[in-house]
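User: I would like a close look at one part of this model, with the rest of the chain as context. Please keep to what can be computed from the atoms.

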Amino acid sequence: MKLKEVDRTAMQAWSPAQNHPIYLATGTSAQQLDATFSTNASLEIFELDLSDPSLDMKSCATFSSSHRYHKLIWGPYKMDSKGDVSGVLIAGGENGNIILYDPSKIIAGDKEVVIAQNDKHTGPVRALDVNIFQTNLVASGANESEIYIWDLNNFATPMTPGAK
């Protein structure tokens, strides 16, 4: 049974479990074309409203981006106890970059939504994951067996678990 749908050629990430209301972030997929052959890229945030009988999800905000993504996750890092829109959207780009976005600023319509970015990887970032016990730690993986562990408190210098 289909509850909702989003018609995008995009990577997607749900807001953290403690976030209310529930949001879905989408980022334009790398190396993909949509039905219109558009070369535009964006991050978009949708609100999940199950009381609305239509299949469409309500778009809350769109941020025009110069990046396309292979991976997108929404971590609870620095989320407040009230569950307000917060956390951090972490995107793995096609050019080896990792970009941290502030989802609350995207929803507010701010232009300065990038918290930080780093292009340490030499190839596309194809894997990202947040440590569930220490939400300030994020693992990333790219081509050539590159694996880095990022501390969001000190994003400039990642750790590596060993040689490639």
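In which sense do strand E9 (residues 125-130) and E10 pair, and over how many bridges?

Analyst: E9 and E10 pair in the antiparallel sense, over five bridges. Strands count as paired if DSSP finds at least two bridges between them. The strands themselves (E, at least two residues) and the helices (H or I, at least four residues) are DSSP runs, numbered from the N terminus.

Two notes on conventions come before the detail. This is a predicted model, in which local features need pLDDT of at least 70 and side-chain atom pairs count only at pLDDT 80 or more, while totals for chains, interfaces and linings use all residues. Residues are numbered from 1 along each chain as its sequence is written, and side-chain values use heavy atoms, with hydrogens and water left out.

Within the pair, Asp129 stands opposite Ala139 of E10. The two strands form a hairpin, and six residues lie between them. E10 (137-142) is mostly covered, with five of its six residues buried. Here buried means under 20% relative accessible area, exposed means over 50%, and partly exposed is in between (1.4 Å probe, protein chains only).

Val130 belongs to E9. Val130 counts as buried because its relative accessible area is 16%. Leaving aside residues up to four places away in sequence, Val130 touches Ile73, Gly75, Pro76, Ile90, Thr135, Leu137 and Val138. Such contacts are heavy atoms within 4.5 Å. The C-alpha atoms of Val130 and Tyr77 are 9.1 Å apart, although 53 residues separate the two along the chain.

E10 also pairs on with E11 (146-151). Six bridges join these two strands, which run antiparallel. One of the bridge pairs is Ser140 with Tyr148 in E11. E10 and E11 form a hairpin with three residues between the strands.

The loop of that hairpin holds two residues with unusual backbone angles. Most residues other than glycine have a negative phi. Glu144, in the loop between E10 and E11, has a positive phi near 60°. Ser145 lies in that loop as well, and its phi is also positive, at about 60°, although it is not a glycine. Glu144 counts as exposed because its relative accessible area is 58%. Ser145 counts as exposed because its relative accessibility is 54%.

As for the setting, the chain has one helix and twelve strands. Along the sequence they follow the pattern β-β-β-β-β-β-β-α-β-β-β-β-β. Of the 164 residues, 43% count as buried. Among contacts with a separation of 6 or more, 46% are between residues 24 or more positions apart.

In soluble globular proteins, nonpolar side chains tend to be buried together. The largest nonpolar core of this model has 16 residues, and Leu43, Ile45, Leu72, Trp74, Leu89, Tyr101 and Ile106 touch the most other members. A nonpolar core is a set of buried Ala, Val, Leu, Ile, Met, Phe, Trp, Tyr and Cys residues joined through side-chain atoms within 4.5 Å. Strand E2 (23-28), E3, E4, strand E5 (69-75), strand E6 (88-93) and strand E7 (98-101) each supply at least two residues of this core. E5 gives the most, with three. Apart from this core lies another, of 14 residues, among them Val88, Ile90, Leu100 and Phe155. Ile90 is also one of the residues that Val130 touches.

Ile45 has contacts with, among others, Tyr23, Leu24, Trp74, Leu89 and Ile106, not counting residues up to four places away in sequence. Tyr23 is in strand E2. Tyr23 counts as buried because its relative accessible area is 7%. The C-alpha atoms of Tyr23 and Trp74 are separated by 9.9 Å, with their positions 51 residues apart along the chain.

On the outside, the accessible surface of the chain comes to about 9,200 Å², and 50% of this belongs to carbon and sulfur atoms. Accessible areas come from the Shrake-Rupley method with a 1.4 Å probe, and for residues only the protein chains shown count as cover. Leu50 is found in the loop between strand E3 (41-47) and strand E4 (58-65). Leu50 counts as exposed because its relative accessible area is 57%.
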